[in-house]
Amino acid sequence: MYECPKCGGKLDVIMSNDVKLDKCISCGGIWFDDGELYKLLTTSVSLMIDGLESTDTVAYNKQEGYCPLCNMVKLERIQSKTDPDLVIDKCPSCHGVWLERGELTALTIKAKKSDLLDIIKG
Ligand SMILES: [Zn+2]
Ligand SMILES: [Zn+2]
């Protein structure tokens, strides 16, 4: 079982559209292996996997984290071109992506899909 890169909680495996995701049971952040987020965003995203609670995740969003898979590899902070408040964490080694709780919803509702697809493809 993996450890949350932000709060140190445990990541729980959940399924959505045949994609296996790791979600933190403490802070609600979600880990996507390479390609998983892309797959989700290019099909229909079930927002049920994202918490609807408006818990404050601002602190976690600003916090640096280490990849839950690669241990001591620091996650890269990648800022959205269209929304400076949106920063996603990506592992430079395995290319997995970490989203804070609420970010997946924000990305789909605010029509920033293409922006995000750029980020995760590159
Ligand atoms: Zn967490
Ligand atoms: Zn990694």
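A residue is taken here as buried when its relative accessible area is under 20%, as exposed when that area is over 50%, and as partly exposed in between. On this scale Cys7, with a relative accessible area of 29%, is partly exposed, whereas Cys4 counts as buried because its relative accessibility is 5%. These assignments refer to a predicted model, in which both cysteines serve as donors of the zinc ion (ligand 1).

The protein donors of the zinc ion (ligand 1) are the SG atoms of Cys4, Cys7, Cys24 and Cys27, which lie 2.3 Å from the metal. Along the chain these donors follow the spacing C-x2-C-x16-C-x2-C, and the angles among the four donor atoms, 101 to 119 degrees, give the site a tetrahedral arrangement.

The zinc ion (ligand 2) is likewise bound through cysteine SG atoms, its protein donors being Cys67, Cys70, Cys91 and Cys94 at 2.2 to 2.4 Å. The donors of this ion are arranged along the chain with the spacing C-x2-C-x20-C-x2-C. The site of the zinc ion (ligand 2) is tetrahedral because its four donor atoms subtend angles of 106 to 116 degrees, and four donors are classed in this way if all angles lie between 85 and 135 degrees.

Accessibility was also computed for two donors of the zinc ion (ligand 2), with the following results. Cys67 has a relative accessibility of 2% and therefore counts as buried, while Cys70, at 23% relative accessibility, counts as partly exposed.

Notes:
Residues numbered from 1 in each chain as written. Chains lettered and ligands numbered in written order. Predicted model: local features only at pLDDT ≥ 70, side-chain atom pairs only at ≥ 80, totals over all residues. Heavy atoms only, no water. Donors = N, O, S within 2.8 Å, 3.2 Å for Na, K, Ca; no water. Tetrahedral: all angles 85-135°; square planar, octahedral: opposite > 155°, others 65-115°. Buried < 20%, exposed > 50% of the residue type's maximum accessible area, 1.4 Å probe, protein only.
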